[in-house]
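These notes are meant for a colleague who is opening this entry for the first time. Please keep the sequence and the model side by side while going through the numbered points.

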Amino acid sequence: MSEKAVAIGNHMVGPGHPSYVIAEIGINHNGDIDVAKKLIDVAAVSDCQAVKFQKRTPDISTPEAQKNVQRETPWGTMTYLEYKHRVEFGDDEYTEIARYSKEKGLDWFASPWDVPSVEFLERHNVIAHKIASASVTDIPLLEALKATGKPLILSTGMSTMDEIDTAVETLGTDNLVLMHATSTYPLDPAEANLRMIHTLRERFGVPVGYSGHETGLQVSLAAVGLGANALERHITLDRAMWGTDHGASLEPTGLTRLVRDVRVIESALGDGIKRVYESEEGPRQKLRRAV
């Protein structure tokens with residue numbers, strides 16, 4: 001099944017187009033807008049196409065069993081719910097994120113974890129929505145996202161094929177990009193299962209990318225070699241920073257190397273048409289004994 005490209009902002013995501021590289025800031029800003037802007041700078045300098053955040057309504061999205069669990073944080077001991085409120089950005093921060101991302105030439109969007117967060121992001125005129133692997137089975141959320149009419153990027157980690165089938169049926173295949181993922185942090189490369197990129201493309205006929213949680217670059221680069229139309233990696237200023245996602249994130253130098261090597265690989269893949277290059281003519285004349 002042949003997939004059609006999806007327009008996200010000024011970029012096309014799909015066959016025949018460069019891989020759309022998303023720097024996942026998530027909550028690695030730790031509730032600090034200055035850190036968020038530094039991470040946007042990192043994505044821009046590295047020539048990414050987009051930055052992505054996570055948007056929650058903590059009272060809704062935090063599991064009941066976790067709300068009152070005590071947690072040690074840089075701001076002292078607090079409940080998990082209090083922590084979630086502490087790191088959540090509101091209107092002022094997202095207005096600045098939108099302004100600053102545009103200034104840096106980057107698309108920006110977020111993963112909404114509940115329906116009010118979809119409404120929040122729509123008020124901020126995001127160009128697309130990312131659906132986290134944790135939300136694959138949240139049908140009311142998927143329906144709210146479909147109703148926006150925006151391009152949707154669906155991660156498929158921690159999901160069965162039946163669950164993915166139901167999610168795609170709910171969302172439809174127009175303006176849909178799937179992201180193969182394995183939701184372990186950090187990812188063991190033996191569980192990356194990158195051939196799922198081809199499986200998802202053949203099954204659904206939509207562009208398919210890769211959302212990676214591994215350390216290092218090899219698995220993500222292999223995904224691009226296998227045809228990933230989009231690539232998402234968590235980024236951080238320093239993997240030693242406090243927070244659950246920093247350890248499986250790329251630091252600035254790693255992100256720059258990743259995007260550089262992605263473009264080299266895309267150039268090297270070529271078009272599959274055999275030709276004799278002009279650079280081969282000299283060796284051909286010198287080394288061929290029979291023509």
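**Notes on the predicted model**

1. The residues that line the largest pocket divide into 9 nonpolar, 11 polar and 8 charged. Please bear in mind here, and in every point that follows, that this is a predicted model. The pocket itself has a volume of about 570 Å³, and of the 28 residues in its lining, the closest to its centre are Gln-54, Arg-56, Trp-113, Ala-134 and Tyr-185.

2. Which elements supply the lining of the largest pocket? At least two residues of that lining come from each of β4, α4 (80–87) and β12 (230–234), and the largest share, 3 residues, is supplied by α4.

3. The strands β4 and β12 also belong to an open sheet of 8 strands, whose order is β7-β4-β3-β12-β11-β10-β9-β8 and whose pairing is parallel. Because β7 (107–112) and β8 (129–131) stand at the edges and have a single partner strand each, one side of each is left without a neighbour in the sheet. From one strand to the next, the twist of the sheet averages 25 degrees.

4. For a closer look at one pairing within this sheet, follow strand β9 (residues 152–155), which runs parallel to strand β10 (residues 176–180) and is joined to it by 4 bridges. One residue pair that can be traced on the model is Ser-155 with its bridge partner in β10, Met-179.

5. Two helices that pack on the sheet deserve to be read together. Helix α6 (residues 115–123) touches β4 (50–55), β7 and β8, and its direction makes about 165 degrees with that of β7. Helix α7 (residues 139–148) touches β7, β8 and β9, and its direction makes about 160 degrees with that of β8.

6. A convenient residue for inspecting this region is Ala-144, which is found in helix α7. If neighbours within four places in sequence are left aside, Ala-144 is in contact with Val-115 and Val-118. How far apart in space are Ala-144 and Glu-119? Although these two residues are separated by 25 residues in sequence, the distance between them is 8.6 Å, C-alpha to C-alpha.

7. The model also contains an antiparallel pairing, in which strand β5 (residues 70–73) is joined to strand β6 (residues 76–79) by 4 bridges. These two strands form a hairpin with 2 residues between them, and the bridge partner of Thr-73 in β6 is Gly-76.

8. Apart from the pocket, the structure holds 1 cavity of 30 Å³ or more, and the volume of the largest cavity is about 30 Å³. Its lining is made up of Ile-27, Asn-28, Asn-30, Tyr-83, Trp-242, Gly-243, Thr-244, Asp-245 and His-246, which divide into 3 nonpolar, 5 polar and 1 charged.

9. As for annotation, UniProt places the feature "domain: PseI/NeuA/B-like" at residues 39–274, in an entry that is unreviewed. Over residues 39–274 the chain is 43% helix and 18% strand, and the C-alpha atoms at the two ends of this stretch are 42 Å apart.

Terms used: Residues are numbered from 1 along each chain as its sequence is written. This is a predicted model: local features need pLDDT of at least 70, side-chain atom pairs count only at pLDDT 80 or more; totals for chains, interfaces and linings use all residues. Side-chain values use heavy atoms; hydrogens and water are left out. Two strands pair if DSSP finds at least two bridges between them. Axes are lines fitted to C-alpha atoms, for helices over the stretch in contact, and angles run from 0 to 180 degrees between N-to-C directions. Contact means heavy atoms within 4.5 Å. On a 1 Å grid over the protein atoms alone, a cavity is a set of points where a 1.4 Å probe fits but cannot get out, and a pocket is an open set with protein on both sides within 12 Å along at least five of seven lines; lining residues have an atom within 4 Å of a point. Grid points are joined across faces, edges and corners, and a volume is the space filled by probe spheres set on the points. Ala, Val, Leu, Ile, Met, Phe, Trp, Tyr, Cys and Pro count as nonpolar, Asp, Glu, Lys and Arg as charged, and the others, Gly among them, as polar. UniProt positions are given in the numbering used here, feature names are shortened, and annotations may be inferred rather than shown by experiment.
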